[in-house]
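Visitor: I would like to learn how to read a protein model, one feature at a time. Where do we begin?

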Amino acid sequence: MNRHLISAADLSRADALLILDTAEELAQMADRPIRKLPTLRGRTVVNLFYEDSTRTRISFEAAAKRLSADVINFSAKGSSVAKGESLKDTALTLEAMGADAVVIRHGASGAPHRLAGWVRGCVVNAGDGAHEHPTQALLDAFTMRRRLGRLDGLRVTIVGDVLHSRVARSNVLLLATLGAEVTLVAPPTLLPVAVGGWPCAVGYDLSAALPKSDVVMMLRVQQERMNAAYFPTVREYSRRYGLDADRAALLPEHAIVMHPGPMNRGVEIAAEVADSPRSTIVEQVSNGVSVRMAVLYLLLGGSEAQG
Amino acid sequence: MHAVHPADGDPSRRASTDLTASTDLTASTDLRASKTVWEPAEISRALTRIAHEILERTDGAGEVILLGIPTRGVPLAHRLGERLAQVEGRAVPVGSLDITMYRDDLRLRPARTLGHTEVPVTGIDGRVVVLVDDVLYSGRTVRAALDALSDIGRPRGVQLAVLVDRGHRELPIRADYVGKNLPTSQREVVRVLLTEIDGQDAVVLGEGGGPGGPGSPGSPGSPGGTAVR
């Protein structure tokens, strides 16, 4: 494995399976009376969050703490960043504090990549702009494998705002590595220009794609990133690309419904679908902790001399 | 981890927790100047004896749980479990306890693959846990196992059964049940082969590699051989 986790594309099939298998062992720990392992005692993990995030930051924090690492949370609001400090200067400060790993979320694509060149510790990308969110893709793959028993040949349909979604990009890259067949379904305005080069199929009709899906992953409509009119009205989007109970009925019996959260209930997903037994939305959150523990263990748990 | 050096740990342990290394290991030791010190029948007899000793020491093994330490402790625990069931006519819970996350030498090598932990549904609270492993060497694996156990529950007692005790303890730890005491030098390498994993039963004693390999005594953090065992 690389020393950093910046992109899902950096993971070989063997790396990805190692992370999933490790997470599988660590997931057992959730049932134990003492949910703590001494493995990363004395190591420091810094959560460097330039964008708002609740679940990802808490998930990384819980993962690091369950491995006994010390966690420092650094959010841009109300910090030296608000006073105009550059990313590099912040990085050097963290370096001086002895961070063994930096978990970074940043609004600019490529920020984790830059950071990796400045610090000695491991860098884990927790979401950069519209680029990537590799641990989300790993936890999604983990959830699919747990629910459906395999990833090879699995038909996964990812629906919605692909253009602004780092989750979609990381998932497409990782799932292709793991042998799943991915189809993106979105309004043409919400697909990236370069989508033709991605290892996946593209469609525009959700109802036609659903009967052929083992997994349907709904993406949040990221209104905060939308600076143009990508679709006429939210109501129209919801009618064409939202997953309501009638559409969910088109899915095969065994199919699961995923959402990376936070959800806009009534926009991309109806409340009754989000709360149905085939929804894995809550599982995804608890699986996130196991997968992030696996990533932190594999990056930090061994000797530092590894390249 | 290429040359197998005695200070680099007992290779059977390494192979058992780091499966990726096992092929590497076979290639590097290639059992040069190695000799089989124990045949299948002797292993079987020793396990039967240990099973009887467990029954004696625990008044019929009513509260006993066998926990094997991956990789080779697990099939050994299952074999002991079968023998206990044959003699007493009732099943004894068998599980496995991975100790990777509790090792004291994690920082000396790349992150290891985790083994599987499976605690019987009965839990371990108030029971007598018999830890089962293939080779007892430095005692560090057992120390890690004791830490791991305390995070799972509070057994009434913990005992240790090993197939081979090769000496060279680095911690105040001893086994309650020993298949064979095998006097070794630290240069030597003890490997336990089991049908379930290796396709045959044997205990093999081989020469270690020459000094100066990776993880030699001079390497930081392993003065005089910090082998986990």
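**Reading the sheet, the helices and the domains**

Guide: We begin with a sheet, in a model that is predicted. Chain A holds an open sheet of five strands, paired in parallel, in the order 7-6-5-8-9.

Visitor: Which strands stand at the edges, and why is one side of each left without a neighbour?

Guide: The edge strands are strand 7 (201–203) and strand 9 (256–258) of chain A. Each has a single partner strand, so one of its sides has no neighbour in the sheet. From one strand to the next, the twist averages 25°.

Visitor: How many bridges join strand 5 to strand 6 of chain A?

Guide: There are five bridges between strand 5 (residues 155–159) and strand 6 (residues 181–185) of chain A, and the two strands run parallel. To follow one pairing, start at A:Ile158, whose bridge partner in strand 6 of chain A is A:Leu184.

Visitor: Which strands does helix 6 of chain A lie across?

Guide: Helix 6 (residues 166–177) of chain A lies across strand 5, strand 6 and strand 8 (215–218) of chain A. Its direction is at about 155° to strand 6 of chain A.

Visitor: At what angle do helix 5 and helix 6 of chain A pack?

Guide: Helix 5 (residues 134–148) of chain A packs against helix 6 of chain A at about 55°, and the axes are 8 Å apart. Angles from 65 to 115 degrees count as roughly perpendicular and those under 35 as roughly parallel, so helix 5 of chain A is oblique to helix 6 of chain A. The crossing of helix 5 and helix 6 of chain A is right-handed.

Visitor: Which residues meet there?

Guide: From helix 5 of chain A, they include A:Pro134, A:Leu138 and A:Ala141. From helix 6 of chain A, they include A:Val167, A:Leu174 and A:Leu175. By class, the residues of this contact are seven nonpolar, three polar and one charged.

Visitor: What are the domains of chain A?

Guide: The domain assignment gives domain 1 (8–133 + 285–300) and domain 2 (134–280) of chain A. Their C-alpha centres lie 25 Å apart. In the contact between them, 24 residues belong to domain 1 of chain A and 21 residues to domain 2 of chain A. On the domain 1 side, helix 1 (13–27), strand 4 (122–128) and helix 11 (281–300) of chain A each supply at least two residues. That side has twelve nonpolar, seven polar and five charged residues.

Visitor: How many residues of chain B are in contact with chain A?

Guide: For chain B the count is 17 residues, in contact with 16 residues of chain A. The chain B side has eight nonpolar, four polar and five charged residues.

Definitions and conventions
Residues numbered from 1 in each chain as written. Chains lettered and ligands numbered in written order. Predicted model: local features only at pLDDT ≥ 70, side-chain atom pairs only at ≥ 80, totals over all residues. Domains from an automatic or database assignment. Contact = placed C-beta atoms within 7 Å. Helix = DSSP H or I, 4+ residues; strand = E, 2+ residues; numbered from the N terminus. Nonpolar A, V, L, I, M, F, W, Y, C, P; charged D, E, K, R; others polar. Pairing = 2+ DSSP bridges. Axes fitted to C-alpha atoms, helices over the stretch in contact; angles between N-to-C directions. Parallel < 35°, antiparallel > 145°, perpendicular 65-115°, else oblique. Left-handed = near helix turned anticlockwise from the far one by under 90°.
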